[in-house]
Amino acid sequence: MRRVERICASGADTRALRVELLDELRVVVDFDAYVWLMTDPRDAVGVDPLAEVPSLRELPCAIRLKYLTEVNRWTRLANGRPVGLLQRDTGGDPSRSLLWRDLQHGYGVVDVASVVFADRFGCWSFLDLWRQAPAAAFDDTDAAHLSAVVEVITTALRTGQSLTFGAPPPRTREGLGPMVLLLDNQLQVHSQTEATAEWLAMLLPAAPGEPLIPAAAYNVAAQLLAVEEGIDGNAPSARVHLADGLWITLRAARLNRDAIAVTIEETTPPDRLEIFSRCFGLSSRETELLGHLATGSDTRELAARMYLSPHTVQDHLKSIFAKTSVRNRRNLLSRALGTR
């Protein structure tokens, strides 16, 4: 536990943090493969995956099955105990899991430990640990070890996301409108708009021969399928930080019975403010004040809009400055909105 706390206090970004934590977790909870995704804290849709599994070549299929599986779904774990064990929670019948029955079983997976990292500010991440034959199933001791570190890891992942707002403001990207990908119900890409290649080449450079399709596109499309099946009610959307303070938003919508449209565009100022507030743990009152501040309101206008005294408004501002490590309103809005 102390080593996990030291790693979490290192100030690393979310990807480096997960890499270190996986090495440490393996010391006390043995596993053969893993999938660890960050999530949009509002809609709990997966982004930025870190994975080492034998089924990577079947990525679209694996993501679709994960979202359509009700057993130990991360959105359900977030409303109860944070750790689920496949064998234990299916009464020894893992075939109750669609993901296990249609994919993991074929790779010799005997059990899966699922962990969700969520707090009152949102759902930040979920992790699946696989054990393959001839390993034994996870037990209550394993679950207890994982449960013991959930809170400290959740806080570290949220803090890691907040670091993305400390980067320089994004460069202006003139003429890059929203891009659209068309996927079928199996999450296979069928077509894309002309702007798509330019967007992806600029935003998601990949090695020669590697696909440019972001995993988050499969995730939002899979979430749409889950909504249509009544498995989950969260919106099929996700906000993703790329680099240099740039955030993009992905959304999925049904085009026809055989096609799903995924749009990708720069995140709007209101959505940036919303995720910024969650990352820094702002209260509802502080979040409301930040929204008014973004419209250019001065202290008196803020006080009038929020039915507060100017003194109380100043107290809220001081609290926001302390949580976000800025000294004035201009720097606060520059970080939150990605403006110069």
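These are my notebook entries on a predicted model, grouped by what I looked up.

**Cysteines**

I started with disulfides and searched the whole structure, which turned up zero. Cys123 is in no disulfide, and its nearest cysteine sulfur, that of Cys279, is 13 Å away. I then checked from the other end: the closest cysteine sulfur to that of Cys279 is in Cys123, and 13 Å is too far for a bond. A disulfide would need the sulfurs within 2.5 Å. Are these two cysteines buried or exposed? Cys123 is buried at a relative accessible area of 8%, and Cys279 is buried too, at 2%.

**Aromatic pairs**

Next I went through the rings. I noted that a ring pair is described by the distance of the centres and the angle of the planes. The structure holds eight aromatic pairs. I looked at Trp74 and Phe126, whose ring centres are 4.2 Å apart with the planes at 20°, so this pair is stacked. What does the pair tie together? Trp74 belongs to helix α4 (residues 74-77) and Phe126 to strand β5 (residues 122-132), so the pair connects parts that are 52 residues apart in sequence. Trp74 is buried, with 1% relative accessibility, and Phe126 is buried as well, with 3%.

The other pair I wrote down is Phe276 with Phe280, which is tilted: 4.6 Å centre to centre and 50° between the planes. Both of these phenylalanines, Phe276 and Phe280, are buried. I followed the ring pairs outwards from there and got a cluster made of Phe165, Trp247, Phe276 and Phe280.

Back at Trp74, I also looked for a charge over the ring. The charged end of Arg73 sits over the ring of Trp74, 4.3 Å from its centre.

**Around Asn72 and Ala78**

I stayed in this stretch of the chain and checked backbone angles. For reference, most residues other than glycine have a negative phi. Asn72 has a positive phi of about 55° although it is not a glycine. I placed Asn72 in the loop between α3 and α4, and at 15% relative accessibility it counts as buried. Asn72 will come up again under cavities.

On the other side of α4, Ala78 is in the loop between α4 and β3 (83-85). Is Ala78 buried, partly exposed or exposed? Ala78 comes out as partly exposed, at 35% relative accessible area. Leaving aside residues up to four places away in sequence, Ala78 touches Val116 and Ala118. I also took the C-alpha to C-alpha distance from Ala78 to Phe126: 9.5 Å in space, with their positions 48 residues apart in sequence.

**Other backbone oddities**

Leu187 is another non-glycine with a positive phi, here about 70°. Leu187 lies in the loop between β6 (179-183) and β7 (189-192) and is buried, with 0% relative accessible area.

I looked at peptide bonds too, bearing in mind that most are trans. A cis bond joins Ala133 and Pro134, with omega about 10°. I found Pro134 in the loop between β5 and α7.

**Pocket and cavities**

Then I turned to empty space. I opened the second largest pocket, which has about 210 Å³ of space. Its lining has 14 residues, and those nearest the centre are Thr14, Asp48, Gln161, Thr164 and His241. Which elements supply at least two lining residues each? They are α2 (14-28), β2, α7 (140-162) and β8 (237-241). Of the elements, β8 gives the most to this lining, with three residues.

For enclosed space, my search of the whole structure gave two cavities of 30 Å³ or more. The largest cavity has about 90 Å³. Asn72, the residue with positive phi, is in the lining of the largest cavity, and other lining residues include Lys66, Thr69, Val71, Leu86 and Asp128.

**One serine**

Last, I checked Ser55, which is in the loop between β2 (46-52) and α3 (59-68). With 4% relative accessibility, Ser55 is buried. What does Ser55 touch, not counting residues up to four places away in sequence? I listed Leu103, Tyr107 and Trp130.

Definitions and conventions. Residues numbered from 1 in each chain as written. Predicted model: local features only at pLDDT ≥ 70, side-chain atom pairs only at ≥ 80, totals over all residues. Heavy atoms only, no water. Buried < 20%, exposed > 50% of the residue type's maximum accessible area, 1.4 Å probe, protein only. Helix = DSSP H or I, 4+ residues; strand = E, 2+ residues; numbered from the N terminus. Contact = heavy atoms within 4.5 Å. Phe/Tyr/Trp six-rings, centres within 6.5 Å; stacked < 30°, edge-to-face > 60°. Lys NZ or Arg CZ within 6 Å of the ring centre and 35° of its normal. 1 Å grid on protein atoms, 1.4 Å probe; cavity = no way out; pocket = protein on both sides within 12 Å on 5 of 7 lines; lining within 4 Å. Points joined across faces, edges and corners; volume = space filled by probe spheres on them.
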